[in-house]
Amino acid sequence: MAPSDDTIFGRILRGEIPCDQVYADDLCLAFRDVAPQAPVHVLVIPREPIARLDEATEEQAALLGHLLLVAARVARQEGLEGFRTVINSGAEAGQTVFHLHVHVIGGRPLAWPPG
Ligand code: AMP
């Protein structure tokens, strides 16, 4: 991981601050959101520091696919019948941590469209 990843998720990946981990492999880490918006709210993050989805490259296509497969795996592991995945990209979309992350949200009825 590049030392320039000074986001809170970079610090979690480096073990500088703790997280409530639910899954980990060579490519990514999944942990519970500190401010859950539903009974299950997990974040899946790549170990590689991609700031936001629109900065991902073709070379990272397999990694992006892996993050979605892990999101589904985590949802199964959490016993969810249905779930929502969200990637906020950019401040206007509500992104607050600029290390790419997939929200996995479930455990209650989810309205559509989201706010
Ligand atoms: P976003 O607004 O899409 O960038 O999502 C960032 C998410 O990270 C929010 O849902 C926060 O609650 C969550 N978050 C921030 N700091 C931490 C942390 N230390 N551990 C777990 N989740 C965090």
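This is a short tour of the ligand site, one aromatic pair and one cis peptide bond.

The model is predicted: local features need pLDDT of at least 70, side-chain atom pairs count only at pLDDT 80 or more, and totals for chains, interfaces and linings use all residues. Residues are numbered from 1 along each chain as its sequence is written, and side-chain values use heavy atoms, with hydrogens and water left out.

**Stop 1: the ligand.** Select the ligand and the 16 residues around it. A residue is near if one of its heavy atoms lies within 4 Å of the molecule. Asp33, Asn88, Gly94, Thr96 and His103 come nearest. By type, the shell divides into 8 nonpolar, 6 polar and 2 charged residues. Here Asp, Glu, Lys and Arg count as charged; Ala, Val, Leu, Ile, Met, Phe, Trp, Tyr, Cys and Pro as nonpolar; the others, Gly among them, as polar.

**Stop 2: polar contacts.** These are pairs of N or O atoms within 3.5 Å. Show the side chain of Asp33: one of its N or O atoms is 2.5 Å from a ligand oxygen. Now show the backbone. A polar atom of Thr96 is 2.7 Å from a ligand oxygen, and one of Val97 is 3.0 Å from a ligand oxygen. Taken alone, the ligand exposes 500 Å², and the protein buries 82% of that (Shrake-Rupley method, 1.4 Å probe).

**Stop 3: the shell's elements.** Colour α1 (8-13) and β2 (28-32); each supplies at least two shell residues. The largest share, 3 residues, comes from α1. Helices are DSSP runs of H or I with at least four residues, and strands are runs of E with at least two.

**Stop 4: the aromatic pair.** Which rings pair up, and how? Select Phe9 and Phe31. Their centres are 5.5 Å apart and their planes at 75 degrees, so the pair is edge-to-face (centres within 6.5 Å, planes over 60 degrees apart). Phe9 lies in helix α1 and Phe31 in strand β2, so the pair ties together parts 22 residues apart in sequence.

**Stop 5: the cis bond.** Go to Pro113, in the segment after β5 (102-106). The peptide bond from Trp112 to Pro113 is cis, with omega near 0 degrees. Most peptide bonds are trans.

How values were computed:
Polar contact = N/O pair within 3.5 Å; in protein donor to acceptor, adjacent residues only side chain to side chain. Phe/Tyr/Trp six-rings, centres within 6.5 Å; stacked < 30°, edge-to-face > 60°.
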